[in-house]
Amino acid sequence: MDGNGRWAQLRGQPRAEGHRAGSQSVRRVVRACRRLGVRALTVYAFSEQNWERPEDEVSALMDLLKEFLIAERGEILGNGIRLQAVGNLGRLPGFVRAVLDPLRNESADNHEMTLTLALSYGGREEIAMAARELAADVKAGRIGEADITADALRLRMPSLAVGDPDLVIRTGGEQRISNFMLYGLAYAELVFSDKLWPDFTYEDLYSAIASYQSRERRFGRVGKPAVNVTSTVRA
Ligand code: IPE
Ligand code: MG
């Protein structure tokens, strides 16, 4: 969800106003995805690296996060949405945890859609954490070295508990991954939108999904032939 700062700057407003507009965009996209029957939506709300931003911006983002969780509680619970969070959650301020944790618990049995907030999240950090856990298992004799497989690593990554991402959308015009779900991205389809996140509309979401639907996913295998010559001849 990139481009909040530039959105504000273009209007001569403080960056925090861009984040506020961005949170409305999150609300919009969550609603649209729930309606479309998307099973899992993960939003990269705050990266582990975002802590390096100026203190007032970090605190504005944390305030907004708290406000978002309070405002969306009814909608989340009322629509069968399970709210999860992934990342280094221990770094979040207590006032955020105080609204985040109860909502995670209250929504734990919902199963219409899983909404995951990536908070203080980093893809490299997540891989390192999974590796540490497996190392501890080897050291304790619970598993052997040979058990450290690609799947074993995957199973230790909270961001992939909902499955590997099928489609990743990055707004704001940059064409990079910026430490998002690195391990799970192996075969994800990527859509880069020039829209700034606060300007990202239903139509932009639909067009990203339509682009996804038009692609042939091969996962390293060979694809279907463009025209099925054999059956054409037989017919
Ligand atoms: C949102 O956009 C990213 C968040 C941390 C929520 P930015 O704040 O990175 O916006 P730009 O890139 O400065 O426009
Ligand atoms: Mg940015």
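**Close-up 1. Tryptophan 197 and its stacked partner.** In this predicted model, tryptophan 197 is a good place to start: with a relative accessible area of 6%, this residue is buried. Its ring partner, phenylalanine 200, is buried as well, with a relative accessible area of 2%. The two rings form a stacked aromatic pair, with 5.4 Å from centre to centre and 20 degrees between the planes.

**Close-up 2. An edge-to-face pair between tyrosine 121 and phenylalanine 180.** The structure holds seven aromatic pairs, and here we look at one of them. The ring centres of tyrosine 121 and phenylalanine 180 are 6.1 Å apart and the planes stand at 75 degrees, which makes the pair edge-to-face because planes over 60 degrees apart fall in that class. Tyrosine 121 belongs to strand β3 (residues 113-121), while phenylalanine 180 sits in the loop between β4 (167-170) and β5 (189-192), so the pair ties together parts 59 residues apart in sequence. Tyrosine 121 has 2% relative accessibility and counts as buried; phenylalanine 180, at 9%, counts as buried too. Look also for Tyr44: ring pairs link Tyr44, Tyr121 and Phe180 into a cluster.

**Close-up 3. A charge over a ring.** Which residue lies over the face of tryptophan 7? That residue is arginine 11, at 3.9 Å from the ring centre.

**Close-up 4. Glutamine 84 and its contacts.** Glutamine 84 is found in strand β2 (residues 81-86). Is this residue buried or exposed? At 16% relative accessibility, glutamine 84 counts as buried, because the cut-off for that is under 20%. Leaving aside residues up to four places away in sequence, glutamine 84 touches Arg104, Thr114, Leu115, Thr116, Leu117 and Val162.

**Close-up 5. Helix α2 and the elements around it.** Helix α2 (residues 15-36) has 22 residues. From its first C-alpha to its last, α2 reaches 31 Å, close to the 32 Å expected at 1.5 Å a residue. An α-helix has 3.6 residues a turn, so residues three or four places apart point the same way. Among the buried residues of α2 you can find Gly18, Ala21, Gly22, Ser25, Val26, Val29, Val30 and Cys33. Which elements do the buried residues of α2 pack against? Their partners are α1 (4-10), β1 (40-47), α3 (55-78), β2, β3 and α7 (202-213). Just past the helix, α2 is followed by glycine 37, whose phi is positive, near 85 degrees.

Notes: Residues numbered from 1 in each chain as written. Chains lettered and ligands numbered in written order. Predicted model: local features only at pLDDT ≥ 70, side-chain atom pairs only at ≥ 80, totals over all residues. Heavy atoms only, no water. Phe/Tyr/Trp six-rings, centres within 6.5 Å; stacked < 30°, edge-to-face > 60°. Helix = DSSP H or I, 4+ residues; strand = E, 2+ residues; numbered from the N terminus. Buried < 20%, exposed > 50% of the residue type's maximum accessible area, 1.4 Å probe, protein only. Lys NZ or Arg CZ within 6 Å of the ring centre and 35° of its normal. Contact = heavy atoms within 4.5 Å. Expected span 1.5 Å × (residues − 1).
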